[in-house]
Amino acid sequence: MNHKRLTLFAGHYGSGKTNIAVNYALHLAAEGKKVCIADLDIVNPYFRTKDSAAVLENAGVELVSPQFANTNVDLPALPAEAYRLVQDKSIYGIMDIGGDDRGAYALGRYTPFIKEENDYRMAFVANPYRPLTRTPEEALEVMREIEAACSLAFTCIVNNANLGTETTAEAVLETGEYMKKLSDLSGLPLWLTTAEEAVAEQLAGKVENLLPMRLQEKYFDLPEQKARPLFG
């Protein structure tokens, strides 16, 4: 898998970008890379990169998160340490960007540095089973809103099609047409397809660039999503 020095994950609220960011950081660390992950999500107080702090620390991944993450204080304050990701070229930096355009504003302060270095991948995380991105056209609209908010263009797409604990290999495979159309509309390639480890085993050999994932514990606390026809 080809890696950029900076990898940014963004998408609509509930797309699953935080879980992907954590798993990708662990993947890089397993390859022996020096990794730092920054939680720039000032929108979603429920899923936090900090939920995986112990796992990341055990893997040697440095975590930068808002000072009041995982407390009852809700302040949209970003840590100054996050600038290290764009300044320290010796690390592989991963940024977990807040949901939709509101969260993307936080990324704007780092955009000039990211563009100057030009060694980044900005991935749009798409889950066709989420209510507000059920069609490729809806997903494209969210994509454009995020780009406008942070003044940085997406470079690729991540297929994070899932139905929570009800996800099957078939549910992932059924999103092929959706992802192709989103790729055609946006002009961007599909970079990764993600799936929980057990599902990923069933997808082996059927899907290219597959990233098996371990889910954060809080993932299982959410109400289960129900399968609905795509594009409907």
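User: Let's start with the sheet. How many strands form it, and in what order do they come?

Analyst: This is a predicted model, and in it eight strands form an open sheet with parallel pairing, in the order β3-β2-β4-β1-β5-β6-β7-β8. A sheet that stays open has edges, and here they are β3 and β8 (210-213), each of which pairs on one side only. Ignoring direction, neighbouring strands are turned by 25° against each other on average.

User: Which bridges hold the β8 edge in place?

Analyst: β8 is joined to strand β7 (residues 190-196) by four bridges, with the two running parallel. For a concrete pair to look up, take Thr193, whose bridge partner in β8 is Leu210.

User: And which helices lie on the sheet?

Analyst: Two to look at. α8 packs on it, touching β5, β6 and β7, and the direction of α8 makes about 165° with that of β6. α6 lies across β1, β5 and β6 (156-159), running at about 140° to β5.

User: Now a strand inside the sheet. Is β2 enclosed or open to the outside?

Analyst: The way to read a strand is to check each face separately. In β2 (residues 35-40) six of the six residues are buried, so the strand is largely enclosed by the rest of the structure. One side carries Val35, Ile37 and Asp39, the other Cys36, Ala38 and Leu40, and both faces are covered.

User: What does β2 pair with?

Analyst: With strand β4 (residues 92-97) it shares six bridges, and the two run parallel. Tyr92 in β4 is the bridge partner of Val35. With strand β3 (residues 62-64) β2 shares three bridges, again parallel, and there Ala38 stands opposite Val64.

User: How do I read a nonpolar core?

Analyst: The general idea first: in soluble globular proteins, nonpolar side chains tend to be buried together. In this model the largest nonpolar core has 35 residues, and those with the most contacts inside it are Met95, Leu107, Ile114 and Met122. Two or more residues each come from β1 (6-11), β2, α3 (84-87), β4, β5 (120-126), α6 and α8 (176-186). The largest share, seven residues, comes from α6.

User: Take Leu107. Which residues is it in contact with, leaving aside neighbours within four places in sequence?

Analyst: Leu107 touches Leu8, Leu40, Met95, Ile97, Ile114, Met122, Cys150 and Leu152. There is also another core apart from the largest one, with 21 residues, among them Ile37, Cys156, Trp191 and Leu192.

User: α6 keeps turning up. What should I check on a helix?

Analyst: Length and sidedness. For length, α6 (residues 136-150) has 15 residues, which at 1.5 Å a residue should span 21 Å, and the end C-alpha atoms are 21 Å apart, so the two agree. For sidedness, an α-helix has 3.6 residues a turn, so residues three or four places apart point the same way. The buried residues of α6 are Pro136, Ala139, Leu140, Val142, Met143, Ile146, Glu147, Ala149 and Cys150.

User: Cysteines always make me look for disulfides. How many does the structure hold?

Analyst: Zero. Cys36 is buried, with a relative accessible area of 1%, and Cys150 counts as buried at 1% relative accessibility too.

User: What about backbone angles? Which residues have a positive phi without being glycine?

Analyst: Most residues other than glycine have a negative phi. Asn118 has a positive phi, near 55°; it sits in the loop between α5 (111-117) and β5 and is exposed, with a relative accessible area of 57%. Ser151 is another case, with a positive phi of about 60°. Ser151 follows α6 and lies in the loop between α6 and β6. At 45% relative accessibility Ser151 counts as partly exposed, because that class falls between 20% and 50%.

User: One last loop: where does Gly60 lie?

Analyst: Gly60 is in the loop between α2 (53-58) and β3, and it is exposed, with a relative accessible area of 57%. Sequence separation and distance in space are separate readings: Gly60 and Ala25 are 35 residues apart in sequence and 9.8 Å apart in space, C-alpha to C-alpha.

Methods: Residues numbered from 1 in each chain as written. Predicted model: local features only at pLDDT ≥ 70, side-chain atom pairs only at ≥ 80, totals over all residues. Heavy atoms only, no water. Buried < 20%, exposed > 50% of the residue type's maximum accessible area, 1.4 Å probe, protein only. Pairing = 2+ DSSP bridges. Disulfide = S-S within 2.5 Å. Expected span 1.5 Å × (residues − 1). Core = buried A, V, L, I, M, F, W, Y, C linked by side-chain atoms within 4.5 Å. Contact = heavy atoms within 4.5 Å. Axes fitted to C-alpha atoms, helices over the stretch in contact; angles between N-to-C directions.
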